[in-house]
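Here is a protein to get to know, one stop at a time. Have the sequence and the 3D view open, and let's walk through them together.

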Amino acid sequence: MEETGEEPPTSAVLLDHCHFSQIIFNNVEKFYIPGGDITCHYTLTQHFIPRRKDWIGIFRVGWKTTREYYTFMWATLPADLNSKSSLQQQVQFKAYYLPKDDEYYQFCYVDQDGVVRGASVPFQFRPESEEDILVVTTQGEVEEIEQLNKELRQQNQELKDNCVSLQKQNSDMHAELQKTQELQERLESLTEINKTLEQKVNVLNEENKSLKVQKGCWETELLQFKVQNQNVASENEKICVRLKTTLDHLDQLQEQISIQEKEMEKLSQGDRDKTEQLEHLKKENEQLLLSLTKQREHQQKLEQTVEEMKQKETASTRKHQELTNQISDLMKRLDENKFFYQELQREKTRVEGEKDLLQKENQKLLCYVCEKSDSKLLSNPAPVQEALEENTGLIFGNPYSATQDIHVPSLPSIKKCPICHGVFPDDVEETVFQQHLQTHILDCPYCDEVFSEAERQVYDDHVFCHSL
């Protein structure tokens with residue numbers, strides 16, 4: 001057997017359940033000479049996929065299960081199943097592990113499940129001799145050989161049938177494989193869409209949080225306006241009730257006047273003697289008319305008060321709208337100030353870095369000049385003094401002089417644009433400077449988003465998303 005003590009995987013599967021057509025053994029001799037190593041050549045068919053625990057065993061002819069192997073070798077695992085060279089494999093059996101008798105044996109390929117996938121023609125282990133030319137067999141051996149041939153023909157027919165069924169299974173498996181690949185591609189596309197949707201959901205959640213904060217502020221202001229509106233509405237209802245009562249009283253007075261006029265007509269037609277009572281009634285009628293005019297004047301005043309209340313309500317709604325507009329303007333200005341502050345901070349850090357570098361370089365140059373020209377300056381100070389007098393017109397003085405006092409004249413203060421680095425004098429009007437900064441800022445016409453001039457493409461995409 002093989003040098004390792006590990007046993008190969010076997011099973012009690014009978015011959016009827018084996019598939020001998022998936023492995024084809026090539027160049028199998030009729031007999032092998034004892035005492036020498038033998039090489040087993042075999043071919044992997046396209047319907048078979050080898051695995052790590054597959055093995056090739058030598059079985060005595062007439063075996064029933066894969067446990068009856070005499071010796072075995074582990075099958076080599078090909079590197080690439082698509083190449084034709086990988087389908088041709090071989091294993092070598094050492095002479096020490098081979099059978100020593102002259103019985104008939106055959107190679108069998110067994111997979112890691114213990115199922116036989118291929119079998120070779122029978123062969124013997126015996127020495128080569130010249131007497132092998134004439135073979136004498138008995139009638140029993142002839143019958144055994146015929147029976148063996150008959151079994152082999154049956155196995156061959158079964159192998160052909162199995163090959164047809166395997167080809168059909170292979171086509172079905174290819175169709176299923178294509179379907180699985182299509183499903184895999186669809187799954188990948190859906191995962192990518194899901195990732196983009198999750199990113200959009202995160203962005204929307206952040207925007208929703210900021211909107212909730214703004215909504216809380218607006219809701220408090222709206223509650224205040226609602227309370228004011230309710231107070232105005234309650235006063236309006238009270239006025240309406242009063243107006244209704246006055247109108248009812250007016251109707252009653254009109255009904256009384258009509259009744260009295262009818263009575264006056266009856267009295268004038270029936271009795272002329274009651275002229276004094278009629279005059280008295282006329283006086284009462286005049287008083288009623290006066291009261292009626294007063295009631296009408298009072299009604300007009302009430303209507304004027306209702307109209308004033310309506311005007312106050314419209315003014316409150318206008319004020320609410322103005323407050324909301326002021327809030328949105330303040331939010332925009334806050335965003336702009338934040339953006340300007342960030343740009344100024346970046347410019348400040350950059351200028352400070354440049355300032356530190358210039359100071360370090362100036363210090364190095366001064367040290368270098370001091371070391372190189374110390375002796376020359378001490379021996380002959382007159383030329384140095386003349387050079388100092390000649391270089392008094394320089395703004396920063398002579399950086400190569402080690403003895404002079406560096407005098408920096410006061411420069412005029414300037415304003416610098418944090419975006420385009422444009423320079424403005426300090427006495428420039430603030431409105432001009434703000435208008436210049438506004439040219440670098442892009443405001444979204446649909447929302448409160450603010451973009452810089454460098455983000456022109458992002459701004460165009462943002463506006464296009466609003467127009468969808």
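Leaving aside residues up to four places away in sequence, Gln22 touches Thr43, Leu44, Thr45, Phe48, Arg117 and Leu166. You'll find Gln22 itself in the segment before strand S1, which covers 23-26. Is Gln22 buried or exposed? With a relative accessible area of 5%, Gln22 is buried, because anything under 20% counts as buried. Keep in mind as you look around that this is a predicted model.

Now slide along to the other side of S1. Asn27 sits in the loop between S1 and strand S2 (31-32). What sets the backbone here apart is the phi angle: Asn27 has a positive phi of about 55°, although this residue is not a glycine. As for its surroundings, Asn27 counts as exposed, at 62% relative accessibility. So Gln22, in the segment before S1, is buried at 5%, while Asn27, in the loop after that strand, is exposed at 62%.

Time to step back for a moment. How many helices and strands does the protein have? There are six helices and 13 strands. The protein has 468 residues, and 23% of them count as buried; Gln22 is one of the buried residues. Take the contacts between residues at least 6 apart in sequence: 62% of them join residues that are at least 24 apart. The exposed area of the protein comes to about 35000 Å², and carbon and sulfur atoms supply 53% of that.

Next, on to the helices. Helix H2 spans residues 139-270, and Glu144 has its place there. At 59% relative accessibility, Glu144 counts as exposed, because the cut-off for that word is over 50%. Which residues gather with Glu144 in a patch of negative charge on the surface? They are Glu141, Glu143 and Glu146.

The last stop is helix H3, made of residues 275-379, where Arg296 is found. Arg296 has a relative accessible area of 43%, so this residue is partly exposed; that label goes to values between the buried and exposed cut-offs. For a sense of how the chain comes back past itself, look for Leu247 as well. Arg296 and Leu247 are 49 residues apart along the chain, and their C-alpha atoms are separated by 9.1 Å.

Conventions
Residues are numbered from 1 along each chain as its sequence is written. This is a predicted model: local features need pLDDT of at least 70, side-chain atom pairs count only at pLDDT 80 or more; totals for chains, interfaces and linings use all residues. Side-chain values use heavy atoms; hydrogens and water are left out. Helices (H or I, at least four residues) and strands (E, at least two) are DSSP runs, numbered from the N terminus. Buried means under 20% relative accessible area, exposed over 50%, partly exposed in between (1.4 Å probe, protein chains only). Contact means heavy atoms within 4.5 Å. Patches are made of residues with over 30% relative accessible area and no salt bridge: like charges are joined within 9 Å, nonpolar side chains (Val, Leu, Ile, Met, Phe, Trp, Tyr) within 5 Å. Accessible areas come from the Shrake-Rupley method with a 1.4 Å probe; for residues, only the protein chains shown count as cover. A salt bridge is a side-chain nitrogen of Lys or Arg within 4 Å of a carboxyl oxygen of Asp or Glu. Lys and Arg count as positive and Asp and Glu as negative; His and the chain ends are not counted. The place of a charge is taken as NZ of Lys, CZ of Arg, CG of Asp or CD of Glu.
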